[in-house]
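Let's walk through a structure together and see how to read a few of its features. Bring your questions.

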Amino acid sequence: MTGIERLHEIMTRLRDPEKGCPWDREQTLESLKPCVLEETYELLAAMDRPEDKSNHIEELGDVLLQVMFQCVMAEQEGRFSFDDVANAISDKLVRRHPHVFGDVDANDSATVLRNWEQIKQTEHKKEARHSALDGVPLTLPGLLKAQRTQEKAARVGFDWKDAQGPMEKIKEELCELEAEIESRKSEAPCDSTRVKEELGDLAFSLCNLARHLKVDCESALELTTNKFSRRFRAVESAAKESGRELKNMTLEEMDALWDKVKDCE
């Protein structure tokens, strides 16, 4: 028995209407959504530490369990099976890689992506997908959604030639944001729709620059957030060692501790 066959057998037993697990039997697609999301983020964390092989295997298994869980539910309802899912993705991979499984030429990643998008648009004609942007999940986190949207537009040629384009756009959007903030100085708090729009424009442009630099903006922000957290905790520790608390210190005193922490890294 293969590993996937064993997992299928176990999940089927857990979902047995009479002898299965009460919790597993009660689950629905709606109730499983938080589980899928949580397991996905735990896998992302494991991918940052590939040297921890056992944890990587465990988290991959947890995500695979969520796939198998839904497949067994669907089997019980007579809708589809795990094999249907596996065959569907296999067919898609073959269909969208004609340069490997057919006679199409594609010697670089850019060509592969353009072909992929063209094939995808043809596949979804019956689903009324007429835009190059169709298929970007509405529930993606903001930064990732922005980058995926830009990638899809770029695949049909709507893009800057190089990183200089988004660099100039960032300067333009920053000026517009500054002008909007300046125009609302007399109003407090500064929470106008225009300010929000200008901030969004700036963030979108930063995502565009990250894409041109081949940097994943979500990962870049995560890296910086973790760095800030590490340094801030060190500042807190340094303050406690001196018998003080940050809330009783001036900003200048906290900045001095921050600089010391940076110098020690």
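## Cysteines, salt bridges and surface patches

A: Let's kick off with the cysteines: there are zero disulfides in this structure. Keep in mind that we're looking at a predicted model.

Q: What is a disulfide, in general terms?

A: Two cysteines have their sulfur atoms joined by a covalent bond. To call one here, the two sulfurs have to be within 2.5 Å.

Q: Which cysteine sulfur is closest to that of C35, and how far away is it?

A: That would be the sulfur of C21, at 12 Å, which is too far for a bond. C35 itself is partly exposed, because its relative accessibility is 22%.

Q: And where does C71 stand, buried or exposed?

A: C71 is buried, with just 2% relative accessible area. For the sulfur of C71, the closest cysteine sulfur is in C35, 16 Å off, so that pair is too far for a bond as well.

Q: OK, on to salt bridges. How many are there?

A: The idea is to look for a side-chain nitrogen of Lys or Arg within 4 Å of a carboxyl oxygen of Asp or Glu. That rule gives 15 salt bridges here.

Q: What is the distance between the closest N and O atoms of K171 and E168?

A: They sit 3.7 Å apart, and the two residues form a salt bridge. K171 and E168 are three residues apart in helix α9 (residues 164-183), so about one helical turn separates them. As for accessibility, K171 is partly exposed at 48%, and E168 is partly exposed at 39%.

Q: Which residue does K169 pair with?

A: K169 forms a salt bridge with E173, and their closest N and O atoms are 3.4 Å apart. Both are in helix α9 with a spacing of four residues, again about one turn of the helix. Check the cover on each partner: K169 is partly exposed at 26%, whereas E173 is buried at 5%.

Q: Which helices hold R194 and E180?

A: The side chains of R194 and E180 meet in a salt bridge, at 4.0 Å from N to O. R194 belongs to helix α10 (residues 193-212) and E180 to helix α9, so this pair ties together parts that are 14 residues apart in sequence. R194 counts as partly exposed, at 39% relative accessibility, while E180 counts as buried, at 16%. There's a network too: salt bridges with shared partners link E180, R194, E197 and E198.

Q: Now the surface. Which residues gather in the patch of negative charge?

A: A charge patch is read by joining like charges within 9 Å. In this model E252, D255, D259 and D263 gather that way on the surface. E252 is found in helix α12 (residues 251-264), and with 60% relative accessibility it counts as exposed.

Q: Which residues form the nonpolar patch?

A: For nonpolar side chains the joining cut-off is 5 Å. The patch consists of I4, L64, V67, F80 and V85, and together they have about 330 Å² of accessible area. Take L64: its place is helix α4 (residues 53-76), and it is partly exposed, with a relative accessible area of 34%.

Q: How far apart are L44 and D24 in sequence and in space?

A: In sequence, 20 residues; in space, 25 Å from C-alpha to C-alpha. L44 is part of helix α3 (residues 29-47) and counts as partly exposed, with 41% relative accessibility.

Methods. Residues numbered from 1 in each chain as written. Predicted model: local features only at pLDDT ≥ 70, side-chain atom pairs only at ≥ 80, totals over all residues. Heavy atoms only, no water. Patch = residues over 30% accessible without salt bridge, like charges linked within 9 Å, V, L, I, M, F, W, Y side chains within 5 Å. Areas by Shrake-Rupley, 256 points an atom, 1.4 Å probe, with all protein chains shown as cover. Lys, Arg positive; Asp, Glu negative; His and termini not counted. Charge placed at Lys NZ, Arg CZ, Asp CG, Glu CD. Helix = DSSP H or I, 4+ residues; strand = E, 2+ residues; numbered from the N terminus. Buried < 20%, exposed > 50% of the residue type's maximum accessible area, 1.4 Å probe, protein only.
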